[in-house]
Amino acid sequence: MNKHILFTGGGSAGHVTVNTALIPHFEKEGWRITYIGSEEGIEKEIITDQFPHVPYKSISSGKLRRYFSWKNFTDPFRVMKGVMEALSVIRKTKPDIIFSKGGFVSVPVVMAAKMAKVPVAIHESDVTPGLANKLAVPFATKIFTTFPETVKTLPAEKSLCAGAIIREELFKGDASEGKRLSGFYDEKPVLMIMGGSLGARKINEAVRANLEELSSNFQIIHICGKGNIEEQYKQKGYRQYEFIKADLPHYLAMTDYVISRAGSNSIFEFLALKKPMLLIPLSREASRGDQILNANSFVKHGYALSLEEEELNEESFLTKVKELQTNRDTIISSMEKGEKAYTIQDMYEELSSMAR
């Protein structure tokens, strides 16, 4: 009978990306696959869209809040309900191993796996583990980290740095196809700005305030988030997109510089593709500060420049972009000297060896 792996993780796209990178490889190797997520989380949309043939099982999950809310008193019961639902799925499907990418929905799954004596691998993307993964650590068989410094904060006997797990399709981008899609044929370098959703309003404003000067030096791909396209800024050499999905590898292939938030999955993809980057992490007010730590780590290793959101304005933005251009060769040299991350094949072999 074929081996069976159960994936879990959700709440944000970052808690699903590694799973979507690994699933095709396990399918190719003939494994059966099941996914456990929440009923209304983004993970359901992503998995059922990309892998409609993979059984998706919804469970109850609470939100682990760091602030006062009356729901903090009821959500533990939702978590326990989720544990029993996950245990039922595990007993019915009998996975040989469970791979968890984190997020609130993964906690009941990892707890249920311990009860069912199924080995569990956790992957932590950020410098410091999120609250969900902190709760899951005691139940894990092995913990893989993206940043080397993260290992120092975890149980040494079951933790190792694997680096980021990069989607294989990103390496298949065609720069000429990216130019065809964008209509960019000038000799000027391409600057990609991945602003994201409403949380990146200040980045979008800084780009548009400096658009005339930026356009004199770059052709610009501006991924500005849902509902954030502004028609009055349509001009030659500047293309706005709410988001880019299937064609992203082609756009990245033609890109020379990237400006982005500092989510771990994204910045390690830029690192793997050797794209010099300016990182503008989410502020501590809008997050737990993980993106700031991610950006600081990349700056320390020479992979990026950073600009904190509190310091972001028209002038500081333009200054950092010019600094990014000046330091391009140095940044690429540092990237080439960096430690090599696990490939998808490496991770497949690790997980296969753990399977019961």
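What volume does the largest cavity have? In this predicted model, the largest cavity has a volume of about 30 Å³, and the sections below take up its lining, the other spaces, and several elements and residues.

## The largest cavity and Glu269

The count of cavities of 30 Å³ or more comes to 2. The largest cavity is lined by Thr17, Val18, Ala164, Ile165, Ile166, Asn265 and Glu269, a set that divides by class into 4 nonpolar, 2 polar and 1 charged. Two helices, H1 (17-28) and H10, each supply at least two residues of this lining.

Glu269, one of the lining residues of the largest cavity, lies in helix H10. Is Glu269 buried or exposed? Its relative accessibility is 6%, so Glu269 counts as buried, the limit for that class being under 20% relative accessible area. Apart from neighbours within four places in sequence, Glu269 is in contact with Thr17, Ile166, Arg167 and Leu170; Thr17 and Ile166 also appear among the residues that line the largest cavity.

## The second largest cavity

For the second largest cavity, too, the volume is about 30 Å³. Its lining consists of Glu213, Leu214, Asn217, Phe218, Leu318, Val321, Lys322 and Gln325, which by class gives 4 nonpolar, 2 polar and 2 charged residues.

Helix H8 (211-217) and helix H12 (314-326) each contribute at least two residues to the lining of the second largest cavity, and the largest share, 4 residues, comes from H12.

## The second largest pocket

The second largest pocket, as distinct from the cavities, holds about 620 Å³ of space. Helix H10 (264-272) and helix H11 (290-300) are the elements that give two or more residues to its lining, and H10 provides the largest share, with 3 residues.

In total 26 residues line this pocket, and those that lie nearest its centre are Phe268, Leu271, Glu339, Lys340 and Ala341. By class the lining of the second largest pocket comprises 16 nonpolar, 6 polar and 4 charged residues. Helix H10 thus recurs in this account, as it supplies residues both to the lining of the second largest pocket and to the lining of the largest cavity.

## Strand E11 and its partners

In a regular strand the side chains alternate between the two faces of the sheet. In strand E11 (residues 257-260) both faces are covered, with Tyr257 and Ile259 buried on one side and Val258 and Ser260 buried on the other.

Strand E11 pairs with strand E8 (residues 190-194) in the parallel sense over 4 bridges, and within this pairing Ile193 stands opposite Ile259 in E11. Strand E11 is also joined to strand E12 (residues 277-279), with which it runs parallel, by 3 bridges; here Ser260 stands opposite Leu279 in E12.

## Helix H7 and its cover

Which residues of helix H7 (residues 201-209) are buried? They are Ile203, Asn204, Ala206, Val207 and Arg208, a list in which a polar residue, Asn204, and a charged one, Arg208, stand beside nonpolar residues.

The elements that cover the buried residues of H7 include E8, H8, strand E9 (219-223), strand E10 (238-241) and H12. Of these, E8 has been described above as a parallel partner of E11, while H8 and H12 each supply residues to the lining of the second largest cavity.

## Two lysines with positive phi

Most residues other than glycine have a negative phi. Lys94, although not a glycine, has a positive phi of about 55 degrees, and is found in the loop between helix H3 (71-93) and strand E4 (97-100). With a relative accessible area of 54%, Lys94 is exposed, because the limit for that class is over 50%.

Lys117 likewise has a positive phi, in this case of about 60 degrees, and is not a glycine. Lys117 is found in the loop between helix H4 (106-115) and strand E5 (120-124), and its relative accessible area of 69% means that Lys117 is exposed.

## Cysteines

How many disulfides does a search of the whole structure find? The search finds 0 disulfides. Of two cysteines considered here, Cys161 has a relative accessible area of 29% and is therefore partly exposed, whereas Cys224, at 0% relative accessibility, counts as buried.

Key. Residues are numbered from 1 along each chain as its sequence is written. This is a predicted model: local features need pLDDT of at least 70, side-chain atom pairs count only at pLDDT 80 or more; totals for chains, interfaces and linings use all residues. Side-chain values use heavy atoms; hydrogens and water are left out. On a 1 Å grid over the protein atoms alone, a cavity is a set of points where a 1.4 Å probe fits but cannot get out, and a pocket is an open set with protein on both sides within 12 Å along at least five of seven lines; lining residues have an atom within 4 Å of a point. Grid points are joined across faces, edges and corners, and a volume is the space filled by probe spheres set on the points. A disulfide is a pair of cysteine sulfur atoms within 2.5 Å. Buried means under 20% relative accessible area, exposed over 50%, partly exposed in between (1.4 Å probe, protein chains only). Contact means heavy atoms within 4.5 Å. Two strands pair if DSSP finds at least two bridges between them.
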